[in-house]
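Biologist: Could you take a close look at a single buried position in this chain and then set it in the context of the whole model? Please give the cut-offs behind each term as you go.

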Amino acid sequence: MDHEQGPRPADPPVAPGSRRSRILGGDGGTRSLAIATASTIVFFGAITAIIVTSPGWPEVKKAFFDPQIFAESFPEIAHAFLLNIRIFLIAEAVIVVFALLIAVLRSLPGPVFFPVRILAIAYTDLFRGVPTILVIFMLGFGAPALQLKWVPSSPLFWGIVSLVLVYSAYVAEVYRAGIDSVHPSQESAARSLGLNRAQSLRYVILPQAVRRVVPPLLNDFIGLQKDSALVALIGPVEAFRQAQIDEAATFNFTPYLCTAILFIAITVPLARFTDWLVARDRRRQLAGQQ
């Protein structure tokens, strides 16, 4: 028995502020998806065609994309990359706490805390102004040269300390922006309930401030993961240094491609997670306005 087929259901609507709508640049329907796919294929196809048909492509392919050298170098570089992850995790754990302390000290009110605020401002201005590579060089080579028994001489230690000092200055400003974004009425309400300044800060202001600055914090930590490669400049054999060793042994730049792939494998998921958090906060704000 034949059955009459009904009309094909329409594509589900896409919210104007959704990530899919922003990427497609339209209403997110089938036609927009087809146009986006076709334009992407044409764009990257044209770039690929220009590269592979260029006169110097055979030499570049041999120097940067040698599959045999890639297979031989990747295991060593991947093992060295574990040190980058270790540097990142240790530095991040310290930065989260230390930067919050700097931000709180800078936000303390009253003339009695003026010297503390000045020190916090001087710290953030100094370490945001000096390039990270210079801080690593000065501490990595200068601190052990003092030859003090109680001063560690490990290059890895001073590399982590340098990253902590530099990134804490940036993260402290992110925290401070979050603290300043909390309306003063929140503290006034907390004080009216009997909480003192420290309790209001701990239980009312900081939870709201930290929640608001999570996306920019993750962006800073993405940069921290990449800058962990700078520690190689003072001695530790991490992924970038291992790539340099392999490049010097093979006279080929393919090991750098291995290193780049490993960093991308870490940073891209973090970036997409950050985008997801931003989109989630935007949806919550739009829902609260309705």
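**A close look at serine 73**

Modeller: Serine 73 has a relative accessible area of 4% and is therefore buried, a label that stands for under 20% relative accessible area, with over 50% called exposed and the range in between partly exposed (1.4 Å probe, protein chains only). This is a predicted model, in which local features need pLDDT of at least 70 and side-chain atom pairs count only at pLDDT 80 or more, while totals for chains, interfaces and linings use all residues. Residues are numbered from 1 along each chain as its sequence is written, and side-chain values use heavy atoms, with hydrogens and water left out.

Serine 73 sits in helix H4, which spans residues 67–106; helices here are DSSP runs of H or I with at least four residues, strands are runs of E with at least two, and both are numbered from the N terminus. Once neighbours within four places in sequence are set aside, serine 73 is in contact with Asp246, Pro255 and Cys258, where contact means heavy atoms within 4.5 Å. Across the protein chain, among contacts with a separation of 6 or more, 72% are between residues 24 or more positions apart.

As for the setting, the protein chain has twelve helices and zero strands, and buried residues make up 33% of its 290 residues. By way of contrast in burial, isoleucine 51, in helix H2 (residues 30–52), counts as partly exposed because its relative accessibility is 42%.
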